[in-house]
Amino acid sequence: MGANSVTEGHISSLMCIVRDRFETLISAIEERGYTVIVTSSYRSAAKQAELYKDKSMHKSSIAKPGKSQHQVRIAIDINIKKDGKQWMKATKKQEWESTGIPELAKNMGFRWGGNFSKYDPVHFDLKDDFSANKLSGELSYNRAVPLSTGLSCLVEDFINRFTK
C-alpha cells in the first residue's frame with residue numbers, strides 16, 4: 001500500500017482484525033492506477049452525533065449515532081483520483097461503477113455505500129463479516145483468523161474499546 005501518514009492513521013484506527021483487509025483493498029485500487037485518499041474511518045459517538053446533527057454538510061447519508069459502522073471501527077470513506085479526475089461523495093453512481101472499484105470491493109467481501117438507500121459512494125465497510133449479539137451489543141467476526149493475529153488483535157481491540 002502506497003500509504004501516506006493520513007491513510008496510515010485512518011487504517012490504524014480501525015479494528016485490528018480488519019486492518020489487513022482494508023490495506024489489501026487500498027493496494028488493489030492503487031494497482032489500477034488510482035490514488036486513494038482516506039477521508040474518514042473510526043468516529044467516536046460524539047463525532048458521529050456532531051456529523052448527524054450537521055446534515056447541511058452531509059445531507060442524509062450520515063447514520064444515526066450508534067448505527068454507524070465507523071463507530072465500531074469497520075468502515076472507511078475514500079476519495080480516489082486518476083488522470084486529473086476525482087471521484088468523491090457527489091460523483092454519480094455510474095461514474096463510480098465505471099472505475100470497477102465497487103465490484104472489486106464486493107469481490108473482496110466489502111459493502112459499498114453506493115448501493116445504500118441513502119447513497120454514500122465513498123463508504124466501504126465489512127459489516128457482513130460480523131454478527132451482532134442483540135443482547136450484549138457485542139460483535140463477532142465470522143472469518144478464520146490465525147491464532148497469533150487473533151490474540152494480539154483481541155487484546156488491542158479490547159484496549160481501544162475501553163480507553164477511547
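**Close-up views of the predicted model**

**View 1. The second largest pocket and the elements that line it.** Helix 3 gives the most to the lining of the second largest pocket, contributing four residues. As in every view described here, the coordinates belong to a predicted model. Helix 3 (45-53) shares the lining with helix 4 (55-58), strand 1 (35-40), strand 2 (75-82) and strand 5 (123-125), each of these elements supplying at least two residues. The pocket has a volume of about 660 Å³, and its lining comprises 35 residues, of which Arg-43, Ser-61, Ile-62, Asp-77 and Asp-120 lie nearest the centre. Sorted by class, this lining consists of 14 polar, eleven charged and ten nonpolar residues.

**View 2. Aromatic pairs between parts of the chain that are separated in sequence.** Two aromatic pairs are counted in the model. In one of them, the rings of Phe-22 and Phe-110 meet edge-to-face, with 5.0 Å from centre to centre and 70° between the planes. Because Phe-22 belongs to helix 2 (residues 19-31) and Phe-110 to the loop between helix 6 (101-107) and strand 4 (111-112), this pair ties together parts of the chain that are 88 residues apart in sequence. Phe-22 and Phe-110 are both buried. Tyr-34 and Trp-87 also form an edge-to-face pair, with a centre-to-centre distance of 5.4 Å and an angle of 75° between the planes. Here too distant parts of the chain are linked, since Tyr-34 is in the loop between helix 2 and strand 1 whereas Trp-87 is in strand 3 (residues 85-87), 53 residues away. Tyr-34 has a relative accessibility of 10% and therefore counts as buried, and Trp-87, at 7%, also counts as buried.

**View 3. Charged side-chain ends over the rings of Phe-110 and Tyr-34****.** The charged end of Arg-21 is placed over the ring of Phe-110, at 5.6 Å from the ring centre. Phe-110 is the residue that also pairs edge-to-face with Phe-22, so that both an aromatic ring and a charged end can be followed around it in this view. The charged end of Lys-82, in turn, sits over the ring of Tyr-34, 4.7 Å from its centre; the ring of Tyr-34 is also the partner of Trp-87 in an edge-to-face pair.

**View 4. Positive phi values at Arg-73 and Asp-83****.** Most residues other than glycine have a negative phi. Arg-73, which is not a glycine, nevertheless has a positive phi near 70°, and this residue is found in the loop between helix 4 and strand 2. Asp-83 likewise has a positive phi, of about 50°, without being a glycine, and its place is in the loop between strand 2 and strand 3. The surroundings of the two residues can be contrasted: Arg-73 counts as buried because its relative accessibility is 9%, whereas Asp-83, at 76%, counts as exposed.

**View 5. Contacts across the sequence at Cys-16 and Asn-79****.** Cys-16 is located in the loop between helix 1 (5-12) and helix 2, and with a relative accessible area of 15% it is buried. The C-alpha atoms of Cys-16 and Ile-74 are 9.4 Å apart in space, although the two residues are 58 residues apart in sequence. Asn-79, a residue of strand 2, counts as buried at 13% relative accessibility. Between the C-alpha atoms of Asn-79 and Ile-37 there are 5.1 Å, while 42 residues separate the two along the chain.

**View 6. Elements of the protein chain and the confidence assigned to them.** The secondary structure consists of seven helices and seven strands, which follow one another from the N terminus in the order α-α-β-α-α-β-β-α-α-β-β-β-β-α. Of the 164 residues in the protein chain, 40% are buried. The mean pLDDT of the chain is 83, with 72% of its residues reaching 70 or more. Among the elements, helix 5 (residues 93-98) has the highest mean pLDDT, 98, and strand 7 (residues 139-141) the lowest, 59. Where pLDDT is low, the predicted coordinates should not be read in detail.

Terms used. Residues are numbered from 1 along each chain as its sequence is written. This is a predicted model: local features need pLDDT of at least 70, side-chain atom pairs count only at pLDDT 80 or more; totals for chains, interfaces and linings use all residues. Side-chain values use heavy atoms; hydrogens and water are left out. On a 1 Å grid over the protein atoms alone, a cavity is a set of points where a 1.4 Å probe fits but cannot get out, and a pocket is an open set with protein on both sides within 12 Å along at least five of seven lines; lining residues have an atom within 4 Å of a point. Grid points are joined across faces, edges and corners, and a volume is the space filled by probe spheres set on the points. Ala, Val, Leu, Ile, Met, Phe, Trp, Tyr, Cys and Pro count as nonpolar, Asp, Glu, Lys and Arg as charged, and the others, Gly among them, as polar. Rings of Phe, Tyr and Trp (its six-membered ring) pair if their centres lie within 6.5 Å; planes under 30 degrees apart count as stacked, over 60 as edge-to-face and the rest as tilted. Buried means under 20% relative accessible area, exposed over 50%, partly exposed in between (1.4 Å probe, protein chains only). A charge sits over a ring if NZ of Lys or CZ of Arg is within 6 Å of the ring centre and within 35 degrees of the ring normal. pLDDT is the predictor's confidence in each residue, from 0 to 100.
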